[in-house]
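Let's walk through this structure together, one question at a time. Have a look at the model first, and then we can talk it over.

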Amino acid sequence: GYGRFGILYVDTAAGDSTDITSRFRLQIDATAESDAGVTFGARVRIQQDNDGSADGTTTGGVGVDADGDGDNDFRGRQETGINGVRFFARSGGLEVGVGNIFGALEFMPGMYPIDLGLTGHSYDYTAYNFRGDAYDSDTGGAAGLNGVEVMYSAGDFSMHVSASDVNDRLAAHFAYTFSGWTVALGLQDSDAAGDTEWAVSVGGSVGIADLSFAYAKNGDDNNIVGAGGNGDHWVLAARFDVGAATNIEAYVADADYFAETSYGVDFNHDLGGGTSLRGGISSTGQDVTLVDLGVRFNF
Amino acid sequence: GYGRFGILYVDTAAGDSTDITSRFRLQIDATAESDAGVTFGARVRIQQDNDGSADGTTTGGVGVDADGDGDNDFRGRQETGINGVRFFARSGGLEVGVGNIFGALEFMPGMYPIDLGLTGHSYDYTAYNFRGDAYDSDTGGAAGLNGVEVMYSAGDFSMHVSASDVNDRLAAHFAYTFSGWTVALGLQDSDAAGDTEWAVSVGGSVGIADLSFAYAKNGDDNNIVGAGGNGDHWVLAARFDVGAATNIEAYVADADYFAETSYGVDFNHDLGGGTSLRGGISSTGQDVTLVDLGVRFNF
Amino acid sequence: GYGRFGILYVDTAAGDSTDITSRFRLQIDATAESDAGVTFGARVRIQQDNDGSADGTTTGGVGVDADGDGDNDFRGRQETGINGVRFFARSGGLEVGVGNIFGALEFMPGMYPIDLGLTGHSYDYTAYNFRGDAYDSDTGGAAGLNGVEVMYSAGDFSMHVSASDVNDRLAAHFAYTFSGWTVALGLQDSDAAGDTEWAVSVGGSVGIADLSFAYAKNGDDNNIVGAGGNGDHWVLAARFDVGAATNIEAYVADADYFAETSYGVDFNHDLGGGTSLRGGISSTGQDVTLVDLGVRFNF
């Protein structure tokens, strides 16, 4: 697992605040291998964010004013137990998962081209915009509904099919890598109008830069700027290595429901021993400015 | 601990369903030994079933329709934290336990002659029918009430006395093994009319078969067929080794409150490395048909 | 972590009771060290007391009558998940902590001169009387509000500054050790009238005895005997080694809000292997008599 802590500055139309941000994630991967070489396992997390909600319904890293003094608190309500469990059976390039599944769109190449700053900021750079199944690290995940999935890879080709009771989703992605570039296609059938319909991405390396482009059709545009999340969503992102221990990431993204174009830049500096200094600044699609800076340590 | 996952088919008078069933159990046994050789310890579990209830009040493995689509969900509400703690001090054949105790009837030989299929099914083959204290693995156990117990064994003889605030229960069992056969007697005094009054069991091996018979007097018969749980309850069960890695278990049981005789059969096939394939079929005393099939892995 | 269990006798004006008392504490200290020698880490606990409250609002070790039979139960409602997380960065004598902080007054030398009996009894011997920030081991700690702190030590000098959103507290302590004696001064600024304003302590060894005196000014006296917690609070405590494996502790304390002078005595006998037998008797400032006896084991 890992821990991270630092400072988060949030500037919205309603005012600005500077607070401590933190996350503790204890990950338990329990496995056993049969004589025939099939690995059976389970993944659970005990995670606690200071995101002001026991169910993770508030934007990550943004606190609540629990004591009513007009300032966001250092810590709000938090998760305390394990999340929903993902069980799996894996053999060679084939893996079957049940429970709190990863999700075919969530795991599609190009959906997390970068991880901005310390906290991830607004995740505007994730084109499918969480309009599909995903592994939920919060305790609330244990209260959710989930599904089954099959992942398969052979050489340069990989695919992932997932299904769940949530909106009766059935999703798949297919990815192929050639000459250092990966192209991926995602498809989803769902009962919900706002869920992602299809997505494409392409990513690869040019010199010191890793470049990525992703596009998702997240249902029909609802013609409401600044609300909803439907319509087109595209993301252009890049990562540059600068020196032996430092990289810089940047993105620009837009979507039909964004009030303005979203963009951001960060740095990650390796301090050795599994520790790193991280920080970033972004201007989100909802015209919120986020700045964070802090430390992450793996254990 | 262990994980298990698979498919569960349930056929009741109201209709049938096929869903994923799963359990994750992380067991923590923390101990220390004094210079005089007394072991002090605690047992806790972090367990999550997909049994549709935060308190484990629903039948194990049966889901709920949390999203209201008419199908049982893959996962319902689930436990996320540790259960109630059992503390103990042990020296030689003597053990004193406090807290979330095991219970003298629950631990009486012959009460769990088999463990049917992947999920245990209806546990109709447990004659005392949970009408006594037992170790509770759910988070709800932490909200319960519990007691004290003393366990003692010497050679072929063993005994177990437990007491708790729940119904002011005082229970004991005595067991003796001779020539490969174990006979046990259980007794309980309780404020509740439906609690077990006494029980007997006998079990041993004949060739490749382990045979077990148990009877419990679970309070007075309430003369309501299909409801309540009072009156006589008897169980006949057997386990057969078939091949080096496979065994088959079967039982037949009846009780005053059963609508019909309960019976079932299962198989357990060792896959090596702590993994096994398990499945079973049963027809319960409430005329419900259960079929399960899946994998269990120890870690 | 550790476990402890035993018997607790409580005698109040309303009557007396004898019940089982227990605590299970699993402590997780997760750390990583950068190449430059800075240690980053997090401390969380999974703790369960039988204190009759999910939020630890009831006096430690005192049960509730959850089943309504007129007796306190063996176990009441209990914590099941992790508590609030304390994150830290440490290098040499300097440590910065955020989240569920230790607190400058809680960590001031002389505030815990002894740890009475098995359960700690009333903690009347803690002069600042919890009128400042402290690390909260209960799940409820995760629902609280907390802060930031800096701890620094160099040779015989140490200091600790902490701040939190709770009552806008800003607290500090300074301690110096010379010739085996430690003197400490604590100061706090707070929005709450009842919070500690300042405190002093002095402690050291004379022959086989460790002696400690502490005084705290916990806001203005509210002139209500037997209620509130304001005004002066002083504590005199001592620990004596008697034999190679046993020590005896004793204290006498008084405060403006005490109905009578508080005092107590205990013994701790090392059983080896991280196990010990502990017991104590005290008469608290609220005229309650407490007697406990039991075992503690570290794991």
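Q: Which residue of E2(A) is the bridge partner of A:Asp11?
A: This is a predicted model, so the pairing is read from predicted coordinates. Strand E1 of chain A covers residues 2–12, and strand E2 of chain A covers residues 15–33. These two strands run antiparallel and are joined by 11 bridges. In that pairing, the partner of A:Asp11 is A:Asp16.

Q: How many residues lie between E1(A) and E2(A) in their hairpin?
A: The two strands are antiparallel neighbours in a bridge pattern. They form a hairpin, and the number of residues between them is 2.

Q: In E16(A), what is the bridge partner of A:Gly3?
A: Strand E1 of chain A also pairs with strand E16, residues 289–298 of chain A. The two run antiparallel, with 10 bridges between them. Within E16(A), A:Gly3 is matched with A:Phe297.

Q: Which residues of chain B does C:Phe24 touch, leaving out those up to four places away in sequence?
A: C:Phe24 belongs to the largest nonpolar core, which has 51 residues, and is among the six that touch the most other members. Within chain C, its contacts include C:Tyr2, C:Ile46 and C:Phe299. From chain B, it touches B:Ala42, B:Val44, B:Ile82, B:Val85 and B:Phe87.

Q: Is B:Asp287 buried, partly exposed or exposed?
A: B:Asp287 sits in the loop between strands E15 and E16 of chain B. Its phi is positive, about 65°, although it is not a glycine. Most residues other than glycine have a negative phi. Because its relative accessible area is 45%, B:Asp287 is partly exposed.

Q: What is the relative accessibility of C:Asn167?
A: C:Asn167 is also a residue other than glycine with a positive phi, near 55°. Its place is the loop between strand E7 (157–164) and strand E8 (170–178) of chain C. C:Asn167 counts as partly exposed, because its relative accessibility is 30%.

Q: Where in chain A does pLDDT stay under 50?
A: Chain A averages a pLDDT of 87, and 86% of its residues score at least 70. Where pLDDT is low, the predicted coordinates should not be read in detail. That caution suits two stretches, for which the model has 33 and 35 contacts beyond four places in sequence, respectively. They are residues 52–63 and residues 73–77.

Definitions and conventions:
Residues are numbered from 1 along each chain as its sequence is written. Chains are lettered from A and ligands numbered from 1 in the order in which they are written. This is a predicted model: local features need pLDDT of at least 70, side-chain atom pairs count only at pLDDT 80 or more; totals for chains, interfaces and linings use all residues. Side-chain values use heavy atoms; hydrogens and water are left out. pLDDT is the predictor's confidence in each residue, from 0 to 100. Contact means heavy atoms within 4.5 Å. Two strands pair if DSSP finds at least two bridges between them. Helices (H or I, at least four residues) and strands (E, at least two) are DSSP runs, numbered from the N terminus. A nonpolar core is a set of buried Ala, Val, Leu, Ile, Met, Phe, Trp, Tyr and Cys residues joined through side-chain atoms within 4.5 Å. Buried means under 20% relative accessible area, exposed over 50%, partly exposed in between (1.4 Å probe, protein chains only).
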